[in-house]
Amino acid sequence: MRPESEIPFFFGPDDSLFGMYHEPAFAASCAVLMCPPLGQDLIRCHRLYRQLAQALAAQGVGVLRFDYYGTGDAAGSSAEVDWDRCMVDATIASRELRARARVDRVIAFGARLGASVALAVAERAKFAEVIAWDPVLDGRDHVAALDAMQDALRADSGRFIRPRSDADVAEQWQGFSVGDSFRQQLSALRTEPAGVPTVIVDSLPAADGSRWEGFVTARDVVSPLGQPTPWDDLRRLETAILSKPLIQAVTGRLKETA
Amino acid sequence: MREEAHRFGRGRHLVGIAGLTGDARCEMGVIVLNAGLVHRIGPFRLHVELTRQLNTAGYPTLRFDMSTLGDSGAVGGGLTRAQQVCADLDDAMALLKARAGCERFVLVGLCSGAQNAHVVATNDARVTGAVFLDGYAYRTLGYKLRHYLPRLADPGRWSRLLRRRTNGEKGEKAASEPVFAVPAAPREEVIANFTAMVDRGMKLYLVYSGGISNYFNHSRQFRECFGKVMSHPAVTTRYTAETDHTYILSGDRARLLDGIGGWLVSNFPPATAGRSS
C-alpha cells in the first residue's frame, strides 16, 4: 500500500465533511462507500473500517470512508448530530466517491447505525447494493439499549470512584452529547428494506432466526458471521471492534459481484 | 478558524488535521498526540473539542495519528519506538511551522500520549510546554496508606473477607487496569527529566484523574512521586478524583478543556503566542 493512495480531505458544503479516499490498486469497476456507525461505535470500528478499505482497494475497488457532520473529524459538535443530515451527508459522499473513482456502480457498506443510514438512502444515492452489518432496524429498542448503558455507566465502579449524579450523565450516550432532536429521530427510526439488493451480515447474539424476517426478500442474502460482536458491552466500551471474518465476508462478496 | 487535512511526514505516512487561526502567523502551536490506540479524534472526540476550542482562543493546533496508529502507516528505518516518536513529532512540528509559522510547541498527551509527549519534551528544545494527562505516576507510601488504611478500618470489609474465606471463595477481584496502561519509566529518570524541563524554561501542566486510582489517589501524590520539582512555579498540577481516565462525561471534558485553555492563556498568552504576519 502506497501512503499516497489514501487521501485525507474535506468535502461537502463548506468543506464540513471529512473523507479518506482509498485509491484502487488498478482500474476500478465499482466503488464502495463506507458509512460509519455513530457514537462510540464509530471509534471502535475505525481500525476495522480502515482494514476493510485497504483490502477492497487492493482488489481494485475505490473506497471512501467519511465522517457525518458532528462526528469524527467532520465539522460540528456531537450535540449537533442529526439523522436527516446523516442521510444527506451519505448521499453527498456517494457523489464524491463516484467523481473520484470515476465509476457509476457504488455499493454501500455500513455497520449498525451506519448500515441503517446506507439502507435509508440506498435508492436516493443509487447504490447498486447495500452490505449491512448488524443494522439497527428498530430505533426505539436501540435508544432503550443506549439509555440502559448510560444508566449503568453512571455507577460503573470500574470507571468512577463514586457513582455520578443523574445530571452528570444526562443528555449523553456513552461519551457523546445527544440533542433532543436526534434522540426523537432515533426513537422514531424504523429501518425499511432498501429497495436494492441487500446483504445482511449478521453477528448479533443468537436469536430465534426470525430477526430479519419481513426485512429481507428473495433477492437478498443473510450472511451469519459466527462469533457475536460485543456491541453493547459496557466493559468493552473502549475496545476496538476487529473482525477478520467480516473483512473476508465483504471482500468475498465484492469478488462475486464486482 | 479553519481545518486542513494533511498527509505528511518524511515517509508521507502520517495523517493529521491542522487547525489554523485566521491570517495570523503564530509563534506557538499545540500538538495533540494519540491516546492509546484511539485515532486522532481522541476518546469520545476529546481531541476534536480541545483543538477547536484552542483554535478559537488563537492557538494553531495539530491532532494527528502517530506511526502505525489511526490512519497513519509505518515507515521503515529500524528506529526504536522512542526514536520513531521523536521523528513523528519532528514531522508534526515541521507541518505546523509550514502552515502557521510556529517555532515553539506545547504537547498534549493522555496516558500513552503523555508518555510519548514526555519523551519528546525531554529531547526537543522547541517544546516549551506540555500537558500530561494521567502520565507517569508511582504508588507511594502515601498512596498505600490512603488506599489501605480505610479498608483496614472498615468492619464491613473484614466481615466480607471472613465470609468469603468461610465459603471457600477466592479473594476480591483485582482492581481493573486503566484502559491504556502506561508502563512506568524509572522514577529517578522521570524526576530528572521534569527538572531539566523546568530548568530550560518549560511550563508543565499535570492533570491526573480518578480513573487511575489503582496507582494515584491524591493531589499530594504529585509531590510524593516527583519531589520538589512539583513545587516549581513552572509546574501546575491538578487532581480530579471524580473523573474517569478518558473523560467520558461531557461536563468533565468541558472542565478539562477549560483548565487546559486557562493554563495556556496564563503561561503562553495569545499576545505572545501570536505574531502578525
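**The sheet of chain A and the contact with chain B**

In chain A of this predicted model, eight strands form an open, mixed sheet in the order β1-β2-β4-β3-β5-β6-β9-β10. Strands (E, at least two residues) and helices (H or I, at least four) are DSSP runs numbered from the N terminus, and two strands pair if DSSP finds at least two bridges between them. The edges are taken by β1 (6-11) and β10 (221-224) of chain A; each has a single partner strand, so one side of each is left without a neighbour in the sheet. From one strand to the next, the twist averages 20°.

Within the sheet, β3 (residues 31-35) and β5 (residues 106-111) of chain A run parallel and are joined by five bridges. A:Val32 has A:Ile107 as its bridge partner in β5(A).

Helix α2 (residues 83-101) of chain A packs on the sheet, where it touches β1, β2 (17-22), β3, β4 (62-67) and β5 of chain A. The direction of α2(A) makes about 150° with that of β4(A). Helix α7 (residues 244-257) of chain A lies across β5, β6 (127-133), β9 (198-202) and β10 of chain A, at about 160° to β6(A). Axes are lines fitted to C-alpha atoms, for helices over the stretch in contact, and angles run from 0 to 180 degrees between N-to-C directions.

Between the chains, 32 residues of chain B are in contact (C-beta atoms, placed from the backbone, within 7 Å) with 29 residues of chain A. On the chain B side, β1 (2-8), β2 (14-20) and α8 (250-267) each give two or more residues; the largest share, four residues, comes from β1(B).

Residues are numbered from 1 along each chain as its sequence is written, and chains are lettered from A in the order in which they are written. Local features need pLDDT of at least 70 and side-chain atom pairs count only at pLDDT 80 or more, while totals for chains, interfaces and linings use all residues.

Terms used:
Two residues are in contact if their C-beta atoms, placed from the backbone, lie within 7 Å.
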